[in-house]
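Let's take a walk through this fold together, one element after another. Have the sequence and the 3D view open side by side as you read.

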Amino acid sequence: MFVMDLWTDEIVFEYTGRPMFADDAYENIRLALLMYNAEMNYENNKKGLFKYFSQHNCLYLLSETLEFLKDKEMVKPGMYGNKARGTGNYGSVAPYARRCIRDYLLKSIPLITEKEVDGEIVQEIKSVFNYQKIPSKALLQELAMYTTDGNFDRHDAFCFLMLLREDKLRLLGDTSARDAGQNRDVGYLGKDSFFEKNYRKNDLNSTRSKLKFQ
């Protein structure tokens, strides 16, 4: 299981384990979703998780059938029960998810660092790729070694996360969460003087900092 912060577009949590009882794993997942106020796109071919969440009145934590998959006619949404939530791992869903993974890993993002030069704070900006910011070495190894014949649970979990990310970004107009935060109008509360004063170091338009692009 992976949890992603859609605002920063980064993985913030990973849970990997094999408890003695399946319900123990389901409970760990449920608690993680509650802690991060997250929504889960799960593999609804697997039985057990839906029933556990239903017993604990937590079905709202499970994503409904993703809209863009329905629009592409890649899945047939169910009306009731397990098939009304999550995504099935069949047909063209898996290959499409792997394309989403590729696009995410190769997405270039700015990385800002600061250092003092001759008594002045200088900001350095360089581009890095998302795969360079993934904290899970095991996930990167599985992504590199993936074959259709092997057992790659982290890869599969990341596929379902990327599908959910794709669905959310389409609701934002096919822009990343980071870009959506930068295109606010002047009335946006993030432009309040409090944030301008206290978070100036992250403001690329600051006249007090010199920018060096690499």
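The buried residues of helix α1 pack against strand β2 and helix α2, the latter covering residues 49-55. This is a predicted model, so treat what follows as a reading of a prediction. Which residues of α1 are buried? They are A25, Y26, E27, I29, R30, A32 and L33. To see how such a list can arise, recall that an α-helix has 3.6 residues a turn, so residues three or four places apart point the same way.

You can also check the length of α1, which runs over residues 22-36. At 1.5 Å a residue, its 15 residues should span 21 Å, and the end C-alpha atoms are 22 Å apart, so the two values agree. Just after the helix comes N37, with a positive phi near 50°.

Now move to the start of the chain. Strand β1 covers residues 2-5, and V3 sits in it. Is V3 buried or exposed? Its relative accessible area is 6%, which is under the 20% limit, so V3 counts as buried. Beyond its neighbours within four places in sequence, V3 is in contact with E10, I11, V12, F13, Y36 and A38. V3 and N37 are 34 residues apart in sequence, while their C-alpha atoms lie 10.0 Å apart in space.

Strand β1 runs antiparallel to β2 (residues 10-14), and 4 bridges join the two. Within this pairing, F2 stands opposite E14 in β2. The hairpin has 4 residues between its strands, and D9 takes a positive phi near 60° there.

Aromatic rings give us another way to follow the fold. How many aromatic pairs does a search of the whole structure find? The search finds 7. In one of them, the rings of F13 and Y36 have centres 5.4 Å apart and planes at 50°; that angle falls between the 30 and 60 degree limits, so the pair is tilted. This pair links distant parts of the chain, with F13 in strand β2 and Y36 in helix α1, 23 residues apart. F13 is partly exposed at a relative accessible area of 23%, and Y36 is partly exposed at 31%.

A second pair, Y104 with F158, is edge-to-face, at 6.1 Å centre to centre and 65° between the planes. Here too the pair links distant parts of the chain: Y104 lies in helix α4 and F158 in helix α6, 54 residues apart. Both rings belong to buried residues, with relative accessible areas of 2% for Y104 and 0% for F158. Ring pairs also bring in F2, making a cluster of F2, Y104 and F158.

F158 leads us on to the largest nonpolar core. Of its 23 residues, F158 and M162 touch the most other members. Strand β1 and helices α3 (67-71), α4 (93-105), α5 (137-145) and α6 (153-171) each supply at least two residues of this core. M162 itself is in contact with M4, A97, C100, I101 and Y104, leaving aside its neighbours within four places in sequence. Apart from this core lies another, of 16 residues, including M1, Y26, A32 and Y42.

Finally, a look at confidence. The protein averages a pLDDT of 79, and 75% of the residues score at least 70. Over residues 175-188 the pLDDT is below 50, and this stretch has 13 contacts in the model beyond near neighbours in sequence. Residues 201-214 also have a pLDDT below 50, with 27 such contacts.

Notes. Residues numbered from 1 in each chain as written. Predicted model: local features only at pLDDT ≥ 70, side-chain atom pairs only at ≥ 80, totals over all residues. Heavy atoms only, no water. Buried < 20%, exposed > 50% of the residue type's maximum accessible area, 1.4 Å probe, protein only. Contact = heavy atoms within 4.5 Å. Pairing = 2+ DSSP bridges. pLDDT = per-residue confidence, 0-100. Core = buried A, V, L, I, M, F, W, Y, C linked by side-chain atoms within 4.5 Å. Expected span 1.5 Å × (residues − 1). Phe/Tyr/Trp six-rings, centres within 6.5 Å; stacked < 30°, edge-to-face > 60°.
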